[in-house]
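Biologist: I would love a close look at one part of this model, taken slowly. Could you pick a strand and walk me through its surroundings, then add whatever else nearby in your notes deserves a glance?

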Amino acid sequence: MTKPLPQGITLGQLNAAIAEIEKVVGKDYVYLDEIKELRSYRDPYNTTNDADFAPSAAVAPQNVEQIQKILAIVNNYKIPVWTISTGKNFAYGGPAPRKPGYIVLDLKLMNRILEVNEKHGYAIVEPGVSYYDLYNYIQEKGLKLWIDCAAPAWGGIVGNTSEHGAGYTPYGDHLLMQCGMQVVLADGTVVETGMDTTPNSKTGGLYKYGQGAAIDGLFTQSNFGVITRMGIWLMPEPPGYTPFMITFENEHDLETVTDLSLPLRVNQVIHNAPMTVDLLWESAMSVSRSQYYTGKGPMPDSHRKKMAKDLDLGIWNYYGAVYGPGPMMKNNMDVIRDTFGSIPGAKFHYDDTRKGDPGWDYRVKLMKGTPNMTEFSLLNWIGGGGHINFSPISAADGKSAMRQYKMIEKRAHEYGFDYIGEFLIGWRDQHHIFMLMFNRMSPEEKKRAHDLFAVLVDEAAALGYGEYRTHLSFMDQIAGTFSWNDNALWDTHHALKDELDPNGILSPGKQGIWPKNLRGNS
Amino acid sequence: MLSRRTFIKSALATNVALLATPSQALQHALTSSEEVPLLVFADEHSLNSKDFISNVADRQSNIDLDIGEHFELVRAFCKESPMGQISGLTRDSDFFALEQIAKDFGFYTQYSATHLYSGSTLTHEVSSSKDSAELITSSLKNAKEQWPQWLANHMRVLPRGNSQFVTKKTQITLANTDQHDFLVSWSLSSNKHI
């Protein structure tokens, strides 16, 4: 088996660097075995070939000092590292590096919860801390705080936040709730952002911006530094919580539902990001596709309607929640019922009638910050399911939602895939998640999925929609769509990259940001 | 301490009259593996998986819809039994998730197979070491409808070791069962404890 090597690096150089790294972290924390160990740093949902993302090695440091030493070594040899926190970013690449041969810098052993402040509602965590870890800590200590987790919840708080991930409680905009971070730059300099830059600071977890330029965002979805610590705000446990679901019978209801949601969202009548979930996403919690349709191509409407009837689901299934004292929740729910009750066929569901339904149960948990993995069950919709997510942003506007939905559905069907998706209404925008699910054991289907995704990127861009996050394979293509003023933004990214990481050792190619020595070949 | 739902030193099922004729080497391995601590998972909703777990001679470790509920069990087992083995016949997504959790403790996939029902056809696709893939595949084929029982009886001799995988496939025709299962059988253990 040939060891994958980074571009321009010889096996001798790699082995020499590895030998030095082993002296820093110990041999037990350097992973070289191609057959088993390094397979766990591949992307099982890739739509091309495993080998395209195969690392040469992985290393798990335990602290900042070890990271500094590792970076000094790889700087000397000019070997790229690819940083992961818990490495669970599946559908976007998981633990795999952008190109073959990188050394994965796996921060899983930096998993301390450094502080949880109940009074002010924040936590300071290292990159290896998962949502489960923080939740369990809070439960053990009996603190009256909620986390806001991704679905599924095994991801890292630092990793998900720095990927611009989102959740399902009122604290669901994770980057908005981030407060302060510590970063190791390529040259080993350790930087604190925000208020922790002042000695003996007591406000690092309280105020985001500090003095001077607020640079935290520079270290998200980028490769300008290695985040080694992050502050995150936590919601105080509210006095009450009322989740609800509304099912809608018609495809075109998406437009009205979205238009009605926006004022409820911006005026904080609905406190979290409501989700408009399509029938197949909901159904896949309970049934597999083959129970309703065994033919090729997308599931026909008649079969979808039968499934909806059997499972008491709508073509669209809308989830939201209100939080707070009883009278306030009652008031808000009255407004919500009056608003959506005007849509013909709209049916309201609550815990008394819906409890026990898998889709309801897991959403109710997510909307109160209880971590779970149930959403992973979606992948049993088809045998051997894998997926990549196409995630364009739109205005929280009915016509935009319908336009995006119809465009994606049409293309998905043309390429032989079901549309499986949901819309999350944020502060002003909508995150549209199209789960492009394919049989990961079929090379033909993987290729078809890959081709579809590439078409969607260009079509969405032509309509004025950019993605909020993406898979390794499409980072360059999507970077190319953020091209206003002759690519001014990515040129700025590259100027920063050249200054902060002149040897190009930190995650080259992440989000289409390449160091100078690799830029022409990307 | 692990919960009552955990198998440790699980006794072999009484039905050692194998449905597929074992090789002598396989029988020897079966006997010598009795002391390996074993944690077994099954899917609560699948008939085949229930059939599998009912042939394992201890209480069940069943998965409902949230595989996350079993993460602590896996972590505890890996720490307490580094020489142990984790096996199961589960949904694909549950195997995927448990595989990810176990790797942090040096437990890697030593064997996996998919079992797909489509109309009257049952397809087994086995990924395993070169010297075991063919044997396992033909044994599953010979077991016909009782393949879950064969798996239960032979969990302990599923391969362990740091070998490259090969894939073998077999299909059998059964009476139309109206089953839609897509299940994965699998085994995780440490490369360092063989």
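Modeller: Happy to! Please keep in mind that this is a predicted model. Let us settle on strand E10 of chain A, which spans residues 226–233. Six of its eight residues are buried, so the strand is largely enclosed by the rest of the structure. The cut-off behind that word is a relative accessible area under 20%.

Who are its partners? E10(A) pairs with strand E6 of chain A, residues 122–125, in the antiparallel sense, and four bridges hold that pairing. To find the place on screen, go to Ile124(A), which stands opposite Gly231(A) of E10(A). E10(A) also runs antiparallel to strand E8 of chain A, residues 178–184, and here the bridges number five. A good landmark for this pairing is Val183(A), whose bridge partner in E10(A) is Ile227(A). When you follow the side chains, it helps to recall that in a regular strand they alternate between the two faces of the sheet.

Now for the other items, starting with backbone geometry in chain A. The peptide bond that leads from Ala151(A) to Pro152(A) is cis, and its omega is near -5 degrees. Pro152(A) sits in a loop, with strand E7 (145–146) on one side and helix H4 (157–162) of chain A on the other.

Helix H14 of chain A, residues 484–500, holds Asn485(A), and Asn487(A) is found in H14 of chain A too. Asn485(A) is not a glycine, yet its phi is positive, at about 55 degrees. Asn487(A), also a residue other than glycine, has a positive phi near 65 degrees. With a relative accessible area of 30%, Asn487(A) counts as partly exposed, because that class lies between the 20% and 50% limits.

Finally, a pocket to put on your list. The second largest pocket holds about 1,200 Å³ of space. It is lined by 36 residues, and those closest to its centre are Arg39(A), Asp50(A), Arg440(A), Glu99(B) and Ser112(B). Several elements each give at least two residues to the lining: from chain A there is helix H12 (443–462), and from chain B there are helix H4 (92–103) and strands E4 (107–118), E5 (121–129) and E6 (165–173). By character, the lining residues comprise 13 nonpolar, eleven polar and twelve charged.

Note on methods: Residues are numbered from 1 along each chain as its sequence is written. Chains are lettered from A and ligands numbered from 1 in the order in which they are written. This is a predicted model: local features need pLDDT of at least 70, side-chain atom pairs count only at pLDDT 80 or more; totals for chains, interfaces and linings use all residues. Side-chain values use heavy atoms; hydrogens and water are left out. Buried means under 20% relative accessible area, exposed over 50%, partly exposed in between (1.4 Å probe, protein chains only). Two strands pair if DSSP finds at least two bridges between them. On a 1 Å grid over the protein atoms alone, a cavity is a set of points where a 1.4 Å probe fits but cannot get out, and a pocket is an open set with protein on both sides within 12 Å along at least five of seven lines; lining residues have an atom within 4 Å of a point. Grid points are joined across faces, edges and corners, and a volume is the space filled by probe spheres set on the points. Ala, Val, Leu, Ile, Met, Phe, Trp, Tyr, Cys and Pro count as nonpolar, Asp, Glu, Lys and Arg as charged, and the others, Gly among them, as polar.
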